[in-house]
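User: I'd like to learn how to read the features of a protein model. Could you walk me through one?

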Amino acid sequence: MARRTSRPSRTARPHRHIDAGSPCPCGLPAVYGECCGRFHAGTAAAPTAEALMRSRFSAFAVEDEAYLLRTWHPDTRPSRVDFDPGMRWTALEILDTAEGSAFHSMGTVTFRAHYTHGGQAGDLHEQSRFVRHEGVWVYLDAVFAD
Ligand SMILES: [Zn+2]
């Protein structure tokens, strides 16, 4: 990944490296502004658990803390999300989904999220649980993660 050319800003910088015309970090063949960017901006809500999973991965990639917190179930939501400045989320693979459609109130998504950390490639393999809360999909917890 590119080396930093400026000192880290002390203020939050949402949408790091990404603008509306960039390829969406979630990997769907769409630009950010027409894909996960709509959910981050609050102009649309993720219709399925998989769409929410993709939008939360993208939110980690662009460091949109507010979106991550508002799509986290209140029972499991942390008070804040700390972004590691050495971390770059690079790609998301959806491996499996169960339920989580417009007709369900719960769903699981199994995925592999690829990253580089300090220049070293790695990945996170996780099955996440999502529930519908006050009409919209939110992240509940990880069933397993390795
Ligand atoms: Zn997307």
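Analyst: Happy to; we will go from the overall layout to the sheet, the core and the chain ends. One caution before we begin: this is a predicted model.

User: Where should I begin? How many helices and strands does the chain have, and in what order do the elements run?

Analyst: A good habit is to list the elements before looking at any residue. Here the secondary structure comes to three helices and four strands. Read from the N terminus, the elements run α-α-α-β-β-β-β.

User: Thanks. How do I read a sheet, and what is the order of the strands in this one?

Analyst: The general idea is that strands of a sheet pair through backbone hydrogen bonds, either parallel or antiparallel. In this model, four strands make an open sheet in the order β1-β2-β3-β4, and the pairing is antiparallel. β1 and β4 are the edge strands, each pairing on one side only. From one strand to the next, the twist averages 30 degrees.

User: Which helix packs on the sheet, and which strands does it touch?

Analyst: That is α2, which touches β1, β2, β3 and β4. The direction of α2 makes about 170 degrees with that of β1.

User: How many bridges join β2 to β3, and how many join β3 to β4?

Analyst: Take the pairs one at a time. Strand β2, residues 106–117, is joined to β3 by 12 bridges. Strand β3, residues 120–133, is joined to β4, residues 136–145, by eight bridges. Both pairs run antiparallel.

User: Can you show me some individual partners across the strands?

Analyst: Gladly. Between β2 and β3, V109 stands opposite S128, and H114 has D123 as its bridge partner. On the β4 side, R132 is partnered by W137, while H133 is partnered by V136.

User: What about the turns? Which residues there have a positive phi?

Analyst: For turns, look at the loop length and then at the backbone angles. The hairpin of β2 and β3 has two residues between the strands, and G118 in the turn has a positive phi of about 60 degrees. The hairpin of β3 and β4 also has two residues between its strands, and there E134 takes a positive phi near 50 degrees. Outside the hairpins, E63 follows α2 and has a positive phi near 60 degrees.

User: Let's go back to α2. How many residues does α2 have, and how far does α2 reach?

Analyst: Helix α2 has 14 residues and reaches 20 Å from its first C-alpha to its last, close to the 20 Å expected at 1.5 Å a residue. As for burial, 14 of its 14 residues are buried. For the chain of 146 residues, 29% count as buried.

User: How should I think about the nonpolar core, and which residues touch the most other members?

Analyst: The general idea is that in soluble globular proteins, nonpolar side chains tend to be buried together. In this model the largest nonpolar core has 29 residues, of which L52, F57 and F130 touch the most other members. The elements giving two or more residues to this core are α1, α2, α3, β1, β2 and β4. The largest share, nine residues, comes from α2.

User: What is F130 in contact with, beyond its sequence neighbours?

Analyst: Setting aside neighbours within four places in sequence, the contacts of F130 include A49, L52, V109, W137 and L140. Looking across the chain, 48% of the contacts between residues at least 6 apart in sequence join residues at least 24 apart.

User: Last stop: the parts outside the elements. Are D19 and D146 buried or exposed?

Analyst: Here you count neighbours, and a residue with 12 or fewer other C-beta atoms within 10 Å is exposed. D19, in the segment before α1, is exposed because it has 11 other C-beta atoms within 10 Å. D146, in the segment after β4, counts as exposed because it has 8 C-beta neighbours inside 10 Å.

User: And which residues could I use to compare sequence separation with distance in space?

Analyst: Try D19 and Y32, which are 13 residues apart in sequence and 6.9 Å apart in space, C-alpha to C-alpha. Another pair is D146 and L124: they are 22 residues apart along the chain, and their C-alpha atoms are separated by 6.1 Å.

Conventions: Residues numbered from 1 in each chain as written. Predicted model: local features only at pLDDT ≥ 70, side-chain atom pairs only at ≥ 80, totals over all residues. Pairing = 2+ DSSP bridges. Core = buried A, V, L, I, M, F, W, Y, C linked by C-beta atoms within 7 Å. Buried ≥ 20, exposed ≤ 12 C-beta atoms within 10 Å, placed from the backbone. Contact = placed C-beta atoms within 7 Å. Expected span 1.5 Å × (residues − 1). Axes fitted to C-alpha atoms, helices over the stretch in contact; angles between N-to-C directions.
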